[in-house]
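Trainee: Hey, got a minute to walk me through a structure? I've got it open but don't know where to start.

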Amino acid sequence: MGAIRQCSRSACRQSAVATLTYVYADSTAVLGPLATYAEPHCYDLCEQHAGSLTVPRGWEVLRLAMPTTPQQPGPDDLLALANAVREAAALPPKPQTTPAQRAAHSALEAPAGAEGTRRGHLRILREPS
């Protein structure tokens, strides 16, 4: 399940309810229900901007049927989410490794032969024994 998507129009903070796709070969703009996934060449629009859509002269607008009520998550969606959470909890945590991992040193250990060595504005001091 993804996050709620916002309208693609600049300065609009409303939730998207429709997806606009251009078919350049046919000079057609297709406006339909919000797509399941955000696509790079589609535009998500809020109710206001979807209702006031205009297209260039000579283009046709194809408006697909919009649902009258927002779709609520069904039992299958909730079960899939619960199963995904169970699977994630059952996996053992992976150790985090970096490509050039250094040997572990204590927080106050000075580099070899660098007693009181000054580096820039910081100085490394050994912990008193």
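## Rings, strands and a salt bridge

Mentor: Sure, let's start with a ring: Tyr22 is partly exposed, because its relative accessibility is 26%. Keep in mind that this is a predicted model.

Trainee: Okay. How many aromatic pairs does the structure hold?

Mentor: There are four aromatic pairs. In one of them, the ring centres of Tyr22 and Tyr24 are 5.9 Å apart with planes at 35 degrees, so that pair is tilted.

Trainee: And Tyr24, is that buried or exposed?

Mentor: Tyr24 is exposed, with a relative accessible area of 59%. Tyr24 also makes an edge-to-face pair with Trp59, at 5.8 Å between centres and 85 degrees between planes.

Trainee: Which parts of the chain does that pair tie together?

Mentor: Tyr24 sits in the loop between E1 and E2, while Trp59 sits in the loop between helix H1 (47-51) and E4, so the pair ties together parts that are 35 residues apart in sequence. Trp59 itself is partly exposed, at 23% relative accessible area.

Trainee: Which residues do the ring pairs link into a cluster?

Mentor: Tyr22, Tyr24, Tyr43 and Trp59.

Trainee: Cool. Switching topic: what's the order of the strands in the sheet?

Mentor: The order is E3-E1-E2-E4, in an open sheet of four strands with mixed pairing. E3 and strand E4 (60-63) are at the edges with a single partner strand each, so each has one side without a neighbour in the sheet. On average, neighbouring strands here are turned by 25 degrees against each other, ignoring direction.

Trainee: How many bridges join E1 to E2?

Mentor: Six bridges, and E1 and strand E2 (residues 28-33) run antiparallel.

Trainee: Which residue in E2 does Thr19 stand opposite?

Mentor: Gly32. Thr19 itself lies in strand E1.

Trainee: Why does Thr19 count as buried?

Mentor: Because its relative accessible area is 7%, and buried means under 20%.

Trainee: What does the side chain of Thr19 reach?

Mentor: Its side chain reaches the backbone nitrogen of Ala35 at 2.8 Å. There's also a polar contact of 3.3 Å between the side chains of Thr19 and Asp44. Leaving aside neighbours within four places in sequence, the contacts of Thr19 include Arg5, Leu34 and Tyr43.

Trainee: Asp44 and Arg5, are those two buried or exposed?

Mentor: Both Arg5 and Asp44 are buried. They form a salt bridge, with the closest N and O atoms 2.7 Å apart. Arg5 is in the segment before strand E1 (18-23) and Asp44 is in strand E3 (residues 42-45), so this pair ties together parts that are 39 residues apart in sequence.

Trainee: How many salt bridges does the structure hold?

Mentor: One.

Trainee: Last one. Where is Cys7 found?

Mentor: Cys7 is in the segment before E1. Its relative accessibility is 6%, so Cys7 counts as buried.

Trainee: How many residues apart in sequence are Cys7 and Leu45?

Mentor: They're 38 residues apart in sequence, but their C-alpha atoms are 4.4 Å apart in space. Setting aside neighbours within four places in sequence, Cys7 is in contact with several residues, among them Cys12, Asp44, Leu45, Cys46 and His49.

Trainee: Asp44 again! That one came up with Thr19 too.

Mentor: Right, through the polar contact between their side chains. Try finding those residues on your screen.

Terms used
Residues are numbered from 1 along each chain as its sequence is written. This is a predicted model: local features need pLDDT of at least 70, side-chain atom pairs count only at pLDDT 80 or more; totals for chains, interfaces and linings use all residues. Side-chain values use heavy atoms; hydrogens and water are left out. A salt bridge is a side-chain nitrogen of Lys or Arg within 4 Å of a carboxyl oxygen of Asp or Glu. Helices (H or I, at least four residues) and strands (E, at least two) are DSSP runs, numbered from the N terminus. Buried means under 20% relative accessible area, exposed over 50%, partly exposed in between (1.4 Å probe, protein chains only). A polar contact is a pair of N or O atoms within 3.5 Å; within protein, one must be able to donate a hydrogen and the other to accept it, and residues adjacent in sequence count only if both atoms are side-chain atoms. Contact means heavy atoms within 4.5 Å. Two strands pair if DSSP finds at least two bridges between them. Axes are lines fitted to C-alpha atoms, for helices over the stretch in contact, and angles run from 0 to 180 degrees between N-to-C directions. Rings of Phe, Tyr and Trp (its six-membered ring) pair if their centres lie within 6.5 Å; planes under 30 degrees apart count as stacked, over 60 as edge-to-face and the rest as tilted.
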